[in-house]
Amino acid sequence: MVHSAKKLCEQIRLGNDGDQNGIAVVPSPNLSTLEQGGEASVNLRLGRWFLTLRQSSETHLELLPSANARENRFSKKFFVPFGEEFVLHPGRFVLASTLEWIRLPTKCAAFVVGKSTLGRRGIVIETAAGVHPGFSGCLTLEIANVGEVPVKLISGMLICQLFFHSVEGTLSATQTALAGQRKPRLGQIRDDLVLSQLIKSKR
Amino acid sequence: MTLYHNSKQKLRNVDRTIGALLDGDFPLSSGKKALEKLRGLFAGLGKKLDRAYALKDAASEKQIASLINVKVYETLPILGFILRSTNVRNAFEVLDPLQVVADSILQGRPQLLLSSEWDYVPFAYPQSLEDLRSFVLIGLPATEAASALLLPLAGHELGHAVWRNRGIGGGAHATLQFRCENSYKSQMEEFKKYFPEYDPDDLVYKELLPEAIGLSVEYAVFQAEELFCDMFSYAIFGASYLHAFAYILAPGFGRMPGSRYPSHKTRISVLASIASKEGAKLPAIGSLSFSDETPRGNPRERFVLRVAEENVQEVIGGLWDRVLALLNEGKVLRPSEKMSEKHSEQFKLGIPAHEPRCLGDIVNAGWTCYSRMQSYVSEDENERDKEQDNLYENVDALNEILLKTIEVLEFNNRTGNGPQR
């Protein structure tokens with residue numbers, strides 16, 4: 001069940017004050033506006049770190065765990081101060097983070113949705129939309145310009161919204177207290193035993 | 001090739017180099033502004049050189065060419081510094097809150113430039129560069145530049161800028177000169193024991209006394225500056241300054257620091273004494289793992305140094321009062337144990353603090369968490385490796401939370417939701 005604005009505000013107040021069963025969203029959104037607006041989601045802002053893929057001597061991106069260590073060879077990081085711009089050209093893609101650090105309790109999951117005002121201008125946000133129970137850190141946003149004109153992204157602007165919902169049933173998620181990243185990353189490709197077997201079985 | 005053409009060529013190459021640097025990415029504007037200032041300096045020198053050349057004024061031409069050499073020589077390391085300040089290994093989040101502190105205290109609102117340097121010992125160019133008077137350049141070791149826990153070291157370096165900018169050095173120099181002269185008068189017999197060749201009636205040997213006094217004053221002023229910077233950073237960052245200081249320097253480098261630096265023991269005991277008067281908790285000296293320090297120099301040097309150190313001790317109280325007055329005047333918030341404890345509880349749960357007040361609270365809470373994490377590493381050899389790996393991963397995660405909290409401090413201040421200082 002998706003959380004209502006009122007429930008969301010209660011949960012955020014608890015989470016930001018350190019209650020493990022609450023939802024932490026830091027910096028805190030304006031809770032009175034959220035409560036009065038009655039929306040069932042929290043708007044999140046664009047953080048200041050960006051990561052782009054770049055051309056290098058590497059011939060291609062490998063999607064296997066063995067390639068994790070080579071992330072830096074493909075990527076370049078940028079820091080854009082609050083209120084300043086990162087121009088995303090048509091057909092280009094950038095990883096960014098939410099300004100907000102999110103921490104979900106083990107009984108809550110969330111999903112990220114772009115903002116329609118941006119979508120109508122060609123900016124598509126987040127393709128891996130699920131945020132699992134127990135998550136802690138800034139959300140990495142995959143932002144693409146699928147439109148036909150360059151778009152200025154501004155650090156600190158509203159970029160996406162997060163819907164929260166309860167998780168029912170037996171919970172296997174664990175919460176690691178100290179985890180999470182403030183910068184966008186390509187992320188670790190995990191071992192996939194089935195894929196490994198398929199690769200080994202090549203004839 | 002003439003001197004004129006050689007100098008023009010050098011200027012052209014410097015301009016080209018600065019231009020290439022300006023084409024790079026500047027995460028923060030202060031580096032770009034410093035480069036533009038330097039570019040203007042060399043353009044001005046070029047115009048002067050052209051004028052001397054047009055007037056066929058060989059003497060002026062030579063003088064300007066020499067000045068160009070000096071400026072290129074002085075500027076190259078600064079260009080490297082500015083370039084390294086743009087590297088993404090830096091924790092750019094810390095600059096704005098530190099700039100807010102600097103703006104509250106320094107006159108003329110100089111801009112801070114924070115860089116990650118290939119030099120282990122943090123240092124500052126505190127407005128000592130004639131051509132970059134409106135900038136304070138602080139270098140932290142590249143290997144530690146991303147660590148929020150070591151931010152108090154930048155506070156110490158900022159103290160050097162305060163020392164010059166607020167004219168504290170001038171006042172301290174006059175006081176220490178007076179005191180050292182009196183010390184030599186009252187310890188004349190001991191002075192003669194270490195300087196037996198001293199003869200007030202001999203044209204050469206009578207100079208030993210003013211030379212020794214001059215050296216004592218020099219050591220005393222430098223040591224007083226270091227202690228002032230320690231106190232300045234302690235005032236802003238609290239106990240975390242001592243933790244960061246010990247992290248970077250303990251157990252030492254196998255030798256005593258030069259005579260211009262107070263011993264580690266003196267530095268720690270000065271802060272311990274202040275903390276004790278304030279009722280604040282500091283880590284015990286023994287827990288900081290500094291090695292015992294051996295006496296410095298020969299007996300003669302030790303006497304000169306002892307006079308310096310005795311007199312520095314006498315001015316410490318006044319310097320601490322000055323630190324407090326400056327912070328008070330600038331409305332700079334000092335850390336509180338209550339807030340730091342509150343933040344550390346939030347960090348322990350894996351969330352940044354959402355209502356931070358000041359940098360000191362954040363970094364102190366970070367050190368509290370870091371110390372707790374270290375205490376969890378087992379003595380059991382079988383468990384230790386795994387626990388140590390966990391510790392290092394947790395420290396990385398803690399650093400992320402600290403930097404995010406520092407960013408929240410800036411965000412709240414900019415959006416009118418936080419304490420301004």
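Lys56(B) sits in the loop between α2 (29–54) and α3 (58–85) of chain B, where helices (H or I, at least four residues) and strands (E, at least two) are DSSP runs numbered from the N terminus. Although Lys56(B) is not a glycine, it has a positive phi of about 55 degrees, and with a relative accessible area of 73% it is exposed; here exposed means over 50% relative accessible area, buried under 20%, and partly exposed in between (1.4 Å probe, protein chains only). This is a predicted model, in which local features need pLDDT of at least 70 and side-chain atom pairs count only at pLDDT 80 or more, while totals for chains, interfaces and linings use all residues. Residues are numbered from 1 along each chain as its sequence is written, chains are lettered from A and ligands numbered from 1 in the order in which they are written, and side-chain values use heavy atoms, with hydrogens and water left out.

Arg109(B), in the loop between α4 (95–105) and β1 (111–117) of chain B, also carries a positive phi, of about 45 degrees, without being a glycine, and it is exposed at a relative accessible area of 54%.

The backbone also contains cis peptide bonds before proline, as the table sets out.

| Peptide bond | Omega | Loop holding the proline |
|---|---|---|
| Val26(A) to Pro27(A), cis | near 0 degrees | between β1 (24–26) and α2 (31–37) of chain A |
| Ala250(B) to Pro251(B), cis | near 5 degrees | between α9 (239–249) and α10 (264–278) of chain B |

Turning to the cysteines, a search of the whole structure finds 0 disulfides over all chains, a disulfide being a pair of cysteine sulfur atoms within 2.5 Å. For Cys229(B), the closest cysteine sulfur is that of Cys180(B), and no bond is possible because the two sulfurs are 19 Å apart, which is too far. Cys229(B) is buried, at a relative accessible area of 0%. Cys369(B) is likewise in no disulfide, the nearest cysteine sulfur, in Cys358(B), being 16 Å away, and Cys369(B) is buried with a relative accessible area of 6%.

On the surface of chain B, a negative patch is formed by Asp380(B), Glu381(B), Glu383(B), Asp385(B), Asp389(B), Glu393(B) and Asp396(B); patches are made of residues with over 30% relative accessible area and no salt bridge, with like charges joined within 9 Å and nonpolar side chains (Val, Leu, Ile, Met, Phe, Trp, Tyr) within 5 Å. A salt bridge is a side-chain nitrogen of Lys or Arg within 4 Å of a carboxyl oxygen of Asp or Glu. One member of the patch, Asp396(B), belongs to helix α14 (residues 381–414) of chain B and counts as exposed because its relative accessibility is 52%.

How values were computed:
Accessible areas come from the Shrake-Rupley method with a 1.4 Å probe; for residues, only the protein chains shown count as cover. Lys and Arg count as positive and Asp and Glu as negative; His and the chain ends are not counted. The place of a charge is taken as NZ of Lys, CZ of Arg, CG of Asp or CD of Glu.
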